[in-house]
Amino acid sequence: MAVAQPDIDLASFIDHALLVPTATPEQVALCCEQADRFHFASVCISPVYVRQAANLLQGKQPKVCTVIGFPTGATTPEAKLYEAAEAVENGATELDVVINLGGLKAGNSNQVHREIAEICEQTGQLVKAIIETNLLTDAEKQLAAEICMDAGVAYLKTCTGFYGGAKVADVKLLKEIVRGRMGIKASGGIRSAEQAIDLIVAGATRLGTSRGPELVGLSPICAGGEREES
C-alpha cells in the first residue's frame, strides 16, 4: 500500500539557487522571474549578482540570498565580514555563510564563534551557517550547531553540495540538537519532490536547490543549474 504524502506547500520552502561560476545576468534574471512566479522563499545567487537580483525582486515576495566564503569557508574573518557587508549594501537580506571548518576541526571554537557572530551582529541580517555535514563527525556537527546558536545564526545549512548532498539522517540529528531554536536548511542533491518532502518531514525548514520548478511539478526553465549545492 502506498504511503500518503503530507500536504506541504513545497514552493514556500525553496531557496532557488543559481551558483555556477558560468551564470550569466540573463540566467539570473530568469531565476528571479521564476522565484517570483512560483512564490519561492528566496533566490540564492553569487555576490556579483546581488544588486541585479535586488533590483529585479524589489517589492516582491522572494528574498535575496547570497553566499559568503563559498564554497570552502577558508577565507579570513575580515574578508568574510567585508563580503557580507557589501552583499547587504547591495540588497541581500539573507546570507549563507560557510563556517571555518578547519578551525572547527582543530578545536578553535572561539575563533569559529567570533567570525560568525561578527557577521550576524554587524550586518543585522538573517544568517544561515553552512556547516558541511558530510565532512563532519556527529560530535563536530553538534559542536558547530551549538557555536552557531550562541553566535546568533538563524539557520543551520547542511551542505554546499561540493562534498555530497543533504541526508535525512543529518537533518534529523540537527533537529534533535537545535530543538526548534534555529531553522534547518537542507541543501545539495535534492532532485525530486519525494526527496524534498522526506527532508521537510525530517525537520528541514528551508530547501536549497536549483531544481525548484521541477520539484513543484513544473518544467525546468532555468538554464545552467548549479552543483546542487544550495
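This tour goes through a predicted model one selection at a time, saying at each stop what to pick and what is there.

**Stop one: Glu94 and Lys128**

Begin by selecting Glu94, which is placed in strand β4, and then add Lys128, which belongs to strand β5 (residues 126-130). The two side chains meet in a salt bridge, with N and O 2.8 Å apart, and the pair brings together distant parts of the chain, since 34 residues separate Lys128 from Glu94. Are these two charged residues buried or exposed? Lys128 counts as buried because its relative accessibility is 0%, and Glu94 also counts as buried, because its relative accessibility is 3% and the cut-off for that word is under 20%. If you now show the surroundings of Glu94, leaving aside residues up to four places away in sequence, you will find that Glu94 touches Lys128 and several others, including Asp15, Ser42, Lys63, Thr66 and Arg206.

**Stop two: Asp96 and Lys157**

Staying in strand β4, select Asp96 together with Lys157, whose side chains form a salt bridge at 3.0 Å, N to O. This pair too links distant parts of the chain, for Lys157 lies in strand β6 (residues 155-157), 61 residues away from Asp96. Both Asp96 and Lys157 are buried.

**Stop three: a pair within one helix**

For a contrasting setting, select Asp138 and Lys141, which form a salt bridge whose closest N and O atoms are 3.2 Å apart. Both residues lie in helix α6 (residues 138-151), and they are three residues apart, about one turn of the helix. An α-helix has 3.6 residues a turn, so residues three or four places apart point the same way. Asp138 counts as partly exposed because its relative accessibility is 47%, whereas Lys141, at 6%, counts as buried. To see how salt bridges can be joined through shared partners, select Asp15, Glu94, Asp96, Lys128, Lys157, Lys185 and Arg206, which make up one network. The model has 15 salt bridges by the rule used here.

**Stop four: helix α3**

Next select residues 77-89, which form helix α3, and look along its length: its 13 residues should span 18 Å at 1.5 Å a residue, and the end C-alpha atoms are indeed 18 Å apart, which agrees. Within α3, colour Lys80, Leu81, Ala84 and Ala87, which are buried. When you look down the axis of α3, these buried residues fall within an arc of 130°, so they line one face of the helix. On the other side of α3, Glu78, Tyr82 and Glu89 are exposed. What do the buried residues of α3 pack against? Their partners are α2 (50-56), β3 (63-68), β4 and α5 (109-123). Just after the helix, Gly91 takes a positive phi of about 120°.

**Stop five: the nonpolar cores**

In soluble globular proteins, nonpolar side chains tend to be buried together. In this model, the largest nonpolar core has 65 residues, and those with the most contacts inside it are Ile45, Leu95, Ile99 and Leu207. Select Ile99 and display its neighbours, again not counting residues up to four places away in sequence: among them are Thr72, Lys80, Leu104, Val112, Ile130, Ala144 and Cys148. Apart from the largest core lies another one, of five residues, among them Ala17, Cys44, Cys65 and Val67.

**Stop six: backbone details in the loops**

Finish with the backbone, starting at Phe70 and Pro71, which are joined by a cis peptide bond with an omega of about 0°. Pro71 lies in the loop between β3 and α3. Move next to Glu132, in the loop between β5 and α6, where phi is near 55°, a positive value in a residue other than glycine. Glu132 is buried, with a relative accessible area of 0%. The last selection is Arg179, found in the loop between α7 (168-178) and β7 (183-187). Its phi is near 50°, again a positive value in a residue other than glycine, and Arg179 counts as exposed because its relative accessibility is 64%.

Notes. Residues are numbered from 1 along each chain as its sequence is written. This is a predicted model: local features need pLDDT of at least 70, side-chain atom pairs count only at pLDDT 80 or more; totals for chains, interfaces and linings use all residues. Side-chain values use heavy atoms; hydrogens and water are left out. A salt bridge is a side-chain nitrogen of Lys or Arg within 4 Å of a carboxyl oxygen of Asp or Glu. Helices (H or I, at least four residues) and strands (E, at least two) are DSSP runs, numbered from the N terminus. Buried means under 20% relative accessible area, exposed over 50%, partly exposed in between (1.4 Å probe, protein chains only). The expected span of a helix is 1.5 Å times one less than its number of residues. The arc is that of the directions from the helix axis to the C-beta atoms. Contact means heavy atoms within 4.5 Å. A nonpolar core is a set of buried Ala, Val, Leu, Ile, Met, Phe, Trp, Tyr and Cys residues joined through side-chain atoms within 4.5 Å.
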